[in-house]
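Load the model and keep a selection prompt at hand. The stops below run from a ligand to a metal site.

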Amino acid sequence: MAISMGKGSVGVLTGVFIASLAVVVAVLLLRTYNLPELKVAWKGKGAPRIELEEDEREQLYEALKGALRIPTVSFSPSEQNTTALEEFKEYIKSAFPRVFNSSLVEYELVGGYSHLFNVQGSDNSLLPYMLLAHLDVVPATPEGWDLPPFSGEEKDGYIYGRGSLDDKSRVIGILQALEFLFKKGYKPRRSFYIGLGHDEEISGRHGAKEIVKTLETRNVKLEYLLDEGFGVLDGVIYGTKRPIALIGVTEKGAITLNLTVNSPPGHSSMPPRESSIGILSAALSRLEQNRLPNLFGTGPEGSTFEQLANEFYWPLNIMMANLWFFNPIISRLMALTPSGNAIVRTTTALTIVNGGIKANVIPATATATVNFRLHPAQTVEEVLNMVSEIIMDERVILSAIKAFDPLPISPYDEENFGYQTLKRTITDLFSVPVAPAVCTVNTDSRHFVNLTESVYRFSPVVMTAEDLGRVHGLNERISREGFETGIQFYWQLIQNSDSDTVPVHRHSEL
Ligand SMILES: CCCCCCCC/C=C\CCCCCCCC(=O)N[C@@H](Cc1ccc(O)cc1)C(=O)O
Ligand SMILES: [Zn+2]
Ligand SMILES: [Zn+2]
C-alpha cells in the first residue's frame with residue numbers, strides 16, 4: 001500500500017516535529033538550570049585554621065622528610081623491608097611525643113608493624129570515627145628521578161620521595177595535626193581511631209585486616225572511616241571549569257585471574273599446529289579486543305556527573321545534567337581515555353605472561369595473569385561468566401587467585417554525618433565543589449565494611465593529571481604548601497567531627 005501525503009499533512013507533521021523538539025530542548029534546559037547548586041557555604045563556622053609559628057612549620061616538613069628517608073618498601077606479598085618497618089616505629093615515637101605520651105591516647109602495635117591509636121573523647125554517647133593511612137610504599141630506584149627517592153630532599157618548594165603522595169604524607173599529616181592539637185591543649189569530644197597499616201601495597205592482609213580483627217573483638221562500630229583517595233582534581237576531569245573534590249563512596253571490585261594452557265612438549269623443528277603459547281595468546285587477544293560492557297550510569301558514577309553538571313563548560317553542562325538523554329554519547333566519549341574507560345566499565349588488564357624455556361623447545365605450559373577491576377554494577381560471578389564466554393576455549397584453564405565484589409556504596413545523602421562533615425571540611429579549606437565518586441583503585445578501607453557503612457576515600461591535596469602520574473611513578477613529590485594544607489585539613493576535620501549534628505549547608509556565592 002502506497003502512502004501518499006498532501007501538502008497539509010506535511011505541514012502538520014513539521015509542526016509536530018518542531019513542537020516535540022521544543023519540548024525536548026525546554027526539558028533539557030529546565031533540568032540543567034534546576035540542578036542543585038553546588039556552590040555551598042556552611043551555616044556556622046567550622047574549626048578555625050591552625051596558626052603556625054615558623055619553627056612549627058619547619059618541624060612539619062622535617063617530620064615528613066624523615067619519614068621519606070625510611071625505605072618501608074613492600075616488594076611482593078612475601079617480601080617487605082622489615083628493618084625499615086622497625087625503624088619507622090621508633091621514628092614516629094620520637095617525632096610525635098605528645099601523641100605517644102598523651103593520657104588520652106591508647107596505642108598498640110598490630111600485626112607486628114601496623115599502628116593503632118585510640119584517642120579518647122569526653123562524650124561516650126558519640127560513635128567514634130577512624131582515620132586510616134598506610135606507611136608502606138612501592139619500590140623505587142633512583143633512575144629517572146630528579147632527586148633520589150629515599151633522600152627526602154627538596155627542590156623548588158617540593159619535597160621529593162617515594163611515599164610523598166602515597167601515603168606517608170597522610171601518615172605524617174594525621175599524626176602532626178594531632179600533635180599540634182595536643183600542643184594547643186585540645187581534648188576531643190568524640191573518640192577516634194588512627195590506623196596506620198604496614199602492607200597496603202600488598203593488600204593489607206597483616207596490617208589493615210588485623211586492625212579490623214582487633215576492633216571487631218572489642219565490638220567497635222564506627223560513625224565513619226576515611227582513607228586515601230583521589231583528592232581535589234585540577235584539570236583532570238575533561239571539560240570542567242575549576243578543581244573538583246571527589247569523595248570515593250565505593251571502590252571497584254577486582255579479580256586476578258590466572259590462565260594456563262598445557263600441551264605436549266617437543267622439538268621446535270616439528271611444531272604442532274597449535275602450541276600452548278599460541279592458544280594462550282589467542283585467548284588473551286580475545287580478552288583485550290572484546291572489552292566488557294560499557295555500564296556508565298548504572299553505578300554511582302552517574303551521580304558524580306549529574307551533581308557536577310554545572311561545573312562543566314557548555315555544551316557538556318547540558319549533557320551531564322541530562323544523562324537520561326545523552327548517556328549514549330557521554331558513555332562513548334568517556335571510554336576514549338584510559339581514566340574515563342576505568343569509570344564506565346569493568347577493565348581488563350593483561351599483566352603477566354610466561355611460557356617457554358628454550359628457543360628450540362615447544363613448552364609444555366604457558367601461563368598468564370589478567371587483572372580485572374569491576375564496575376560497581378557487576379559481580380565477580382558475572383564477570384567470570386562473561387570472561388569464559390569471550391575466551392570460549394576449554395583448553396584454557398581459568399583460576400581466580402584473588403576476587404572480590406565492588407565495595408558497598410556508602411551513604412552520601414544530606415543526613416549522613418561522615419559524608420557531610422568531610423564535605424564541609426573540604427569546602428571550608430579548598431573552596432571547591434564536592435561530589436561522590438567511584439574509586440577505581442583499591443585501598444585498605446575495603447577491609448572495614450563490617451565496622452561502618454560510611455567508608456570514604458579522600459586525600460586532602462590538589463592533584464593535577466601530572467601529579468597523578470607520579471603516584472607509584474617517577475619523581476613522586478608534594479609541595480610544601482600542599483602538605484601544610486593537608487595538615488590543616490586533618491586539624492579541622494578532627495575538630496569538626498566533635499559535633500553531634502550533621503552540618504547544615506545553605507546555597508550562596510562562594
Ligand atoms: C597532609 C596530607 C597530605 C595528603 C597528600 C596525599 C596525596 C595523595 C594523592 C593521591 C593519592 C592517590 C591514591 C592512590 C591510591 C592507590 C591505591 C592502590 O594503588 N592500590 C593498589 C593496591 C591494593 C591495595 C589494597 C587492596 O586491598 C588491594 C590492592 C591497587 O592495585 O588498587
Ligand atoms: Zn596508597
Ligand atoms: Zn600505592
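Helices (H or I, at least four residues) and strands (E, at least two) are DSSP runs, numbered from the N terminus. This is a predicted model, in which local features need pLDDT of at least 70 and side-chain atom pairs count only at pLDDT 80 or more, while totals for chains, interfaces and linings use all residues. Residues are numbered from 1 along each chain as its sequence is written, ligands from 1 in the order in which they are written, and side-chain values use heavy atoms, with hydrogens and water left out.

Select α5 (168-183) and α15 (480-496): each supplies at least two residues of the shell around ligand 1. The most come from α15, with four residues.

Next, select ligand 1 and what lies around it (a heavy atom within 4 Å). There are 23 surrounding residues, with Leu-165, Glu-200, Arg-373, Asn-442 and Arg-446 the closest. Show the polar contacts (pairs of N or O atoms within 3.5 Å). Polar side-chain atoms of Arg-373 and Arg-446 lie 2.8 Å and 2.4 Å, respectively, from an oxygen atom of ligand 1. The protein buries 93% of the 790 Å² that ligand 1 exposes when taken alone.

Now select the zinc ion (ligand 2). Which residues coordinate the zinc ion? The donors (N, O and S atoms within 2.8 Å of the metal, or 3.2 Å for Na, K and Ca) come from His-134 (NE2), Asp-166 (OD) and Glu-228 (OE, listed twice), at 1.9 to 2.6 Å. Add the zinc ion (ligand 3): Asp-166 bridges the two ions, which lie 3.4 Å apart.

Finish on His-134 and Glu-228, both buried (under 20% relative accessible area, 1.4 Å probe, protein chains only).

Note on methods. Buried < 20%, exposed > 50% of the residue type's maximum accessible area, 1.4 Å probe, protein only. Polar contact = N/O pair within 3.5 Å; in protein donor to acceptor, adjacent residues only side chain to side chain. Areas by Shrake-Rupley, 256 points an atom, 1.4 Å probe, with all protein chains shown as cover.
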